[in-house]
Amino acid sequence: MSELTKYMAVWMFSVFISSVAQIMLKAAANREYPSRIREYLNPIVISAYGIFFLSTILTMYALKYVPLTMSPIIEPCSYIFVPVLGWLILKEKVSRRRILGMAIMFIGIAVFSM
Amino acid sequence: MGDTENGQLEGKKKGHLEVPLKWFLILHLSLIVNSFAGTLSKLAGREEFLSPKFLFLYGLVLLDTFAFALVWQQVLKHMSLTFAFTNKPITIIWGLLWGVSIFHETVTPKMMLGSVIILIGIIVGVSGNE
């Protein structure tokens, strides 16, 4: 595995864990809490923001070796990870129409970044 | 919670929005707030590191991120994560607008075309989940 591939994998992992953190935020939002402040100050939300923080560190580390021009390729992967994880873990319905919309957006992001 | 369920049913039936309009608008306001973070980061990056202006702008970045986090958690109570995330690429277009209006950045025809395709994707993705 080349050095570039290794650091790209780190970046991809960083995008993946921040997608997992989004799932955790949604899982927390689905629960009932005794007060508004507890909606934020609970182990799930705090852990999710801890993961976001770790993700920024990993991205910065990867960016030392991977050119920023790779960003339009790696960052949009969250638009795949989040619906797949939402479907698998949260059992959210992902219709064909939504998949089509996301596919169109992917093409748009690719054209935008060319 | 009731209005969300009704909204979701309505969206499924008619092929329209699956969330109440109010929360759809709040989602988009939060995404506009989210798009400011990149602009503020760029403004901070142009200042001397740790200068008062840098610290002020970086403080605004943190404040903006914090404000977004507060609203995002409320938004997620009223819609599926997949629905919210389908709308997120709109921040690319907001970023483009701020880039042009504040930093006078050049917009290429590909960026314009890409933005239009992204918008079409969002409209297709959010208009009903049947």
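At what angle do H2(B) and helix H5 (residues 90–103) of chain B pack, and how far apart are their axes? The legends below take up this question and others on a predicted model.

**View 1. Helices H2 and H5 of chain B in contact.**
H2(B) and H5(B) pack at an angle of about 45°, and their axes lie 9 Å apart. Angles that fall outside the parallel, antiparallel and perpendicular ranges count as oblique, so H2(B) and H5(B) are oblique to each other. The crossing of H2(B) past H5(B) is right-handed. On the H2(B) side, the contact residues are B:His28, B:Leu31, B:Ile32, B:Asn34, B:Ser35, B:Gly38, B:Thr39 and B:Lys42. H5(B) answers with B:Ile90, B:Thr91, B:Trp94, B:Gly95, B:Trp98, B:Ile102 and B:Phe103. By class, this contact holds seven nonpolar, seven polar and one charged residue.

**View 2. B:His28 in helix H2 of chain B.**
B:His28 sits in H2(B), which covers residues 21–45. Is B:His28 buried, exposed or partly exposed? B:His28 has 14 C-beta neighbours inside 10 Å, so this histidine counts as partly exposed. Beyond its neighbours within four places in sequence, B:His28 is in contact with B:Asn87 and B:Ile90. Twelve residues along the chain from B:His28 comes B:Leu40. The C-alpha atoms of these two residues are separated by 19 Å.

**View 3. Helices H1 and H3 of chain A side by side.**
H1(A) packs against helix H3 (residues 43–63) of chain A at an angle of about 165°. The two axes are 8 Å apart. Angles over 145 degrees count as roughly antiparallel, and H1(A) and H3(A) are therefore roughly antiparallel to each other. H1(A) passes H3(A) in a crossing that is left-handed. The contact of H1(A) with H3(A) has 20 nonpolar and five polar residues, with no charged residues.

**View 4. The largest nonpolar core.**
This core has 38 residues. Which residues have the most contacts inside the core? They are A:Leu25, B:Ala84 and B:Ile118. Helix H1 of chain A (residues 3–29) supplies the largest share, seven residues. Around B:Ile118, the partners from chain A are A:Met105, A:Gly108, A:Ile109 and A:Phe112. From chain B, B:Ile118 touches B:Pro89, B:Ile92 and B:Ile93. Both lists leave out residues up to four places away in sequence.

**View 5. Where chain A meets chain B.**
Here 30 residues of chain A are in contact with 26 residues of chain B. On the chain A side, the elements giving two or more residues are H1, helix H2 (36–40), helix H5 (78–88) and helix H6 (96–113). Which of these gives the most? H6(A) does, with twelve residues. The chain A side divides into 19 nonpolar, five polar and six charged residues.

**View 6. The buried residues of helix H5 in chain A.**
Buried in H5(A) are A:Tyr79, A:Phe81, A:Val82, A:Pro83, A:Leu85 and A:Gly86. What covers them includes H1 and H6 of chain A. Helix H4 (81–87) of chain B is also part of that cover.

**View 7. Two loop residues with positive phi.**
Most residues other than glycine have a negative phi. A:Lys91 is not a glycine, yet has a positive phi of about 60°. A:Lys91 lies in the loop between H5 and H6 of chain A. With 7 other C-beta atoms within 10 Å, A:Lys91 is exposed. In chain B, the phi of B:His104 is positive and near 50°. B:His104 is found in the loop between H5 and helix H6 (109–126) of chain B. B:His104 is exposed, with 7 other C-beta atoms within 10 Å.

**View 8. Each chain on its own.**
Chain A has six helices and zero strands. Its C-alpha trace spans about 50 × 35 × 25 Å along the principal axes. Buried residues make up 27% of the 114 residues in chain A. Of the contacts in chain A with a separation of 6 or more, 80% join residues 24 or more positions apart. Chain B has six helices and zero strands. Of its 130 residues, 32% count as buried. In chain B, residues 24 or more positions apart account for 66% of the contacts with a separation of 6 or more.

Note on methods
Residues numbered from 1 in each chain as written. Chains lettered and ligands numbered in written order. Predicted model: local features only at pLDDT ≥ 70, side-chain atom pairs only at ≥ 80, totals over all residues. Core = buried A, V, L, I, M, F, W, Y, C linked by C-beta atoms within 7 Å. Buried ≥ 20, exposed ≤ 12 C-beta atoms within 10 Å, placed from the backbone. Helix = DSSP H or I, 4+ residues; strand = E, 2+ residues; numbered from the N terminus. Contact = placed C-beta atoms within 7 Å. Nonpolar A, V, L, I, M, F, W, Y, C, P; charged D, E, K, R; others polar. Axes fitted to C-alpha atoms, helices over the stretch in contact; angles between N-to-C directions. Parallel < 35°, antiparallel > 145°, perpendicular 65-115°, else oblique. Left-handed = near helix turned anticlockwise from the far one by under 90°.
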